[in-house]
Each structure stands twice: as C-alpha cells, then as structure tokens.
Amino acid sequence: MATYDLTKQLSQFLDRHLILPLLDFLQAKEIHPTTEILDAKIALLAKTNMIDYCAEIYRDVNKTDDVPQAMREKRQQVVDNLRRLQGDIRVFLEVFSGDEGSERMKVLKSTLNFNLDYLDKMYGISEKTLDSMYQYAKFQYECGNYSGAAEYLYYYRTLSQSRTNDVPAMWGKLAAEILMQNWDTAVEDLKILREHLDGLSGPQLIPRTWLMHWALFIFFNHPDGRDGIIDMFFQDKYMMAIQTTSPHLLRYLTTACITNKKRRQQIKDLVRVLEMEAHAHSDPITEFVRALYVNYDFELAQEKLRLCETVLLNDFFLVSCHDEFLENAKLMIFENYCRIHSVIDICMIAEKLGMDREKAEIWIVNLIRQARLDARIDSQANQVIMDPETPSVHQQVKEKTKNLGVRTVMLADALSSKFMMLRRNA
C-alpha cells in the first residue's frame with residue numbers, strides 16, 4: 001500500500017546501508033514495482049564497495065551475464081584499496097591477529113596498557129596507524145563487512161583521544177551493530193552518541209533527527225525499545241526535531257504508546273502533539289488516536305483501525321507489532337467506551353471490535369479480569385454493566401491536597417513581600 005509508505009521520508013535521514021533492508025522489505029511486499037526497487041538498490045550500491053552484490057542485481061535486471069566496464073574497474077579499485085589499507089595497518093594486524101594476538105590484547109587490557117602511548121612505545125603502533133585503522137574500518141563497512149567494521153571501530157575508539165574522526169566512528173559503530181542486529185550493543189552505542197549530542201553546545205537539530213531515525217531499528221527490535229522511544233522522543237529537544245524536520249516519526253511514537261501498556265499515561269501528551277501536527281503528518285495510526293481521544297468517534301476509530309492493519313503489515317519497523325497493536329487498540333476502544341457509558345450492549349461492542357458475539361464476550365470477560373475493571377456481565381440482557389467508580393477517602397484527600405505545598409510556599413512568599421513593603425514604608 002504505497003499511499004502510507006514512509007520509506008522516502010525515512011531514507012533522507014538514513015545511511016545508504018541502512019536503507020537496503022527497507023528496500024528488501026518493500027521488494028518482498030511488492031508495494032512498488034520490482035524494477036523500481038532494483039534500480040534503487042543499484043543506485044545505492046554503486047556508491048559503496050559492495051560491487052559483487054551490485055553486479056548480481058544488474059545481471060538480474062538486465063538479463064545478462066555481463067556487467068559494465070565501470071563496475072569491473074571499480075571492483076579492481078576496491079581490491080587494490082583493500083591491499084593498501086591492510087598494508088597501512090600491517091603492524092597492528094601482526095601484533096593482534098590470531099589466538100596469540102587475542103591473548104596479548106586481553107593481557108594489555110587487563111593491565112590497562114591497551115593505549116596508544118604504550119602500543120607506540122612497544123610495537124610501533126602510532127597515530128598514523130590509528131588514522132589508517134579508521135579508514136580500514138570505514139572501508140570494511142562500505143564492503144558490507146559490518147563485523148569487521150565494528151571490530152576496528154571499537155579499537156579506534158578505545159585508543160583515540162579527541163581525534164577528528166571520533167564522532168564519525170561513533171556513527172559507524174552504531175550502524176554496523178544495527179546491521180548485525182546486535183541490539184544490546186547497539187543500545188549502548190546509541191546511548192554514547194546521544195550523550196555526545198546532548199553535551200554539545202549550539203543547535204543539534206539535524207544530528208538528533210538522524211539519530212532518531214537510526215534508533216527506530218533498535219526501538220522496534222530490542223525488548224525495552226518501546227520504553228526507549230517514548231523516553232527519547234518526548235524529550236523537548238527531540239520533540240522539537242520531530243515537529244521541525246520529521247513529523248512522520250509520530251507514527252512510530254504513536255505505535256509505541258499504544259503497544260506499551262505501562263506507558264499509557266503518555267497518551268495525553270501524545271494527543272496534544274498529534275493535534276498540533278495534524279497538518280504536517282496524518283496517517284491511519286495517528287488518526288485512530290485522534291478519533292478515539294479527541295473526537296470520541298468510535299465508528300471512525302474502528303474504520304481507522306482497519307486501515308491500521310494494512311499500514312502495520314507494510315511498514316518495515318511496525319510489521320512485528322501487528323497483533324500487539326490490534327489487541328491494545330481494541331482494549332483502548334473498549335476502555336474509552338466504558339468511561340462514557342454505564343451499560344454496554346455486547347453485540348454492539350462485538351461490531352465495533354470486529355468480532356462475533358461469543359468471541360467478544362470471552363474477550364470482555366478476560367479484559368475485566370486482567371484490567372480489574374469494576375464491571376459485570378449480564379448474559380440474559382446481553383449487556384456489560386459498569387459499576388460506578390467511587391474514589392476512596394484516601395484518594396479524595398490526596399487529590400484535594402496535592403497542591404497544598406505549592407500554595408503554602410506561594411502564600412509565604414506573598415506575606416514576606418508584604419512585610420518587606422510595610423517595613424520600607426514605616
């Protein structure tokens with residue numbers, strides 16, 4: 001369903017290697033013509049060192065066993081550059097390659113001697129070697145050898161102290177870990193890069209926008225990712241970036257809020273943002289929330305929910321959330337309806353949730369048990385009866401006195417100002 005496909009918007013803030021999985025997904029889903037996807041892949045790969053993969057796609061598209069001369073020449077350049085870069089870091093490879101090299105590195109780390117001063121003194125691994133190591137890691141990344149890139153970027157970052165390529169190395173390491181699907185390590189690299197950006201002075205709008213897009217890979221794959229996206233995107237500096245450069249990210253924030261029952265209290269903040277940005281971005285997922293929490297239009301919410309199913313199945317990041325999203329969305333419809341009505345017809349609820357009557361009754365029973373709702377089912381009348389929720393005395397006192405401390409301080413300040421004024425006039 002190309003209408004709601006966000007690949008074009010997302011790709012503006014993704015490294016070309018991170019775009020490739022999205023294109024693979026689109027090709028499998030047949031959302032766009034296959035020839036368009038393959039042409040896009042060739043255009044992306046032509047700017048990398050993944051020449052063999054590019055040539056393979058070229059042969060498939062053009063139904064030929066031959067490739068352009070430019071591809072053959074570039075392949076030879078890649079091979080020549082690999083040999084040159086390996087020569088530039090030869091001393092590092094000789095010292096730390098193989099089982100013996102791995103053991104030597106462990107000893108150096110354990111004795112806190114894995115630093116550039118010591119390595120230069122003992123083995124001749126110099127500043128120049130370190131710069132070449134960064135170039136070698138970047139070369140490996142462009143070749144699609146993400147594990148090799150991550151390994152040498154780790155060495156570079158460990159040994160480097162305030163060098164020109166430190167920040168690009170952070171981004172490269174994060175991308176490599178994402179592409180290897182090492183989600184725990186990627187979370188740590190994301191944290192390091194985020195702390196770096198947050199610690200810089202001056203506007204960081206564009207880097208934060210890029211970081212949020214890269215983080216989507218982590219947020220929708222790591223077990224704690226739904227908490228992570230809510231914590232990050234709702235921060236003022238990141239929300240400002242969303243509203244300024246990429247309101248389409250609200251689809252992913254909305255999905256996280258819906259599927260994360262522990263963070264359901266964020267819905268109020270989400271609704272406020274969705275209302276403000278409705279002119280900039282709107283899709284069935286954001287419209288579902290607005291229909292339910294702004295307009296209280298349950299028919300429209302059900303209509304949008306049906307469209308959400310298609311959107312979820314055709315979104316690279318959200319396809320794994322499909323079942324969880326629909327279950328939680330139905331729960332939200334029911335809960336909101338219960339807040340407004342004291343007696344609810346089961347057949348009507350079944351229709352709104354897209355279920356038959358028997359399944360709807362079982363679903364409601366389980367919901368009442370799990371959510372501990374003050375409700376009961378009258379099977380003869382075919383109704384759900386909501387018992388009025390009376391707040392406890394403790395809760396009433398708490399609500400009435402929750403601002404007492406603030407009001408006391410304000411009163412004390414006012415009295416203090418009054419006394420000072422009286423003393424001046426005395």
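Helices (H or I, at least four residues) and strands (E, at least two) are DSSP runs, numbered from the N terminus. The model used here is predicted: local features need pLDDT of at least 70, side-chain atom pairs count only at pLDDT 80 or more, and totals for chains, interfaces and linings use all residues. Residues are numbered from 1 along each chain as its sequence is written, and side-chain values use heavy atoms, with hydrogens and water left out.

**Exercise 1. Two loop residues**

Find where Gln181 and Lys63 lie, and decide whether Gln181 is buried or exposed.

Solution.
- Step 1: Gln181 belongs to the loop between helix H11 (166–179) and helix H12 (183–198). Lys63 has its place in the loop between H4 and H5.
- Step 2: Recall the cut-offs: buried means under 20% relative accessible area, exposed over 50%, and partly exposed in between (1.4 Å probe, protein chains only).
- Step 3: With a relative accessible area of 56%, Gln181 is exposed. Lys63 is exposed too, at 74%.
- Step 4: Now look at the backbone. Most residues other than glycine have a negative phi. Gln181 has a positive phi, near 60°, and Lys63 has a positive phi near 50°.

**Exercise 2. One face of a helix**

Work out which residues of H5 are buried and what they pack against.

Solution.
- Step 1: Helix H5 (residues 69–88) has 20 residues and spans 29 Å from its first C-alpha to its last, close to the 28 Å expected at 1.5 Å a residue. The expected span is 1.5 Å times one less than the number of residues.
- Step 2: Met71, Val78 and Leu85 are the buried residues of H5.
- Step 3: Viewed down the axis of H5, these buried residues fall within an arc of 45°, so they line one face of the helix. The arc is that of the directions from the helix axis to the C-beta atoms.
- Step 4: The buried residues of H5 pack against helix H4 (51–62) and helix H9 (127–142); contact means heavy atoms within 4.5 Å.

**Exercise 3. Classifying ring pairs**

Take two of the aromatic pairs, Phe219 with Phe233 and Phe288 with Phe325, and classify each.

Solution.
- Step 1: Rings of Phe, Tyr and Trp (its six-membered ring) pair if their centres lie within 6.5 Å; planes under 30 degrees apart count as stacked, over 60 as edge-to-face and the rest as tilted. The structure holds 21 aromatic pairs.
- Step 2: For Phe219 and Phe233 the centres are 6.1 Å apart and the planes at 80°, so this pair is edge-to-face. Phe219 lies in helix H13 (residues 205–219) and Phe233 in helix H14 (residues 225–233), so the pair ties together parts that are 14 residues apart in sequence. Both Phe219 and Phe233 are buried.
- Step 3: For Phe288 and Phe325 the centres are 6.5 Å apart and the planes at 55°, so this pair is tilted. Phe288 sits in helix H18 (residues 284–293) and Phe325 in helix H20 (residues 322–340), so the pair ties together parts that are 37 residues apart in sequence.
- Step 4: Check the surroundings. Phe288 is buried, with a relative accessible area of 0%, and Phe325 is buried, also with 0%.

**Exercise 4. Charges over rings**

Which ring has the charged end of Lys109 over it?

Solution.
- Step 1: A charge sits over a ring if NZ of Lys or CZ of Arg is within 6 Å of the ring centre and within 35 degrees of the ring normal.
- Step 2: The charged end of Lys109 is over the ring of Phe114, 5.7 Å from its centre.
- Step 3: Phe114 also belongs to a cluster linked by ring pairs, with members including Phe92, Tyr123 and Tyr155.
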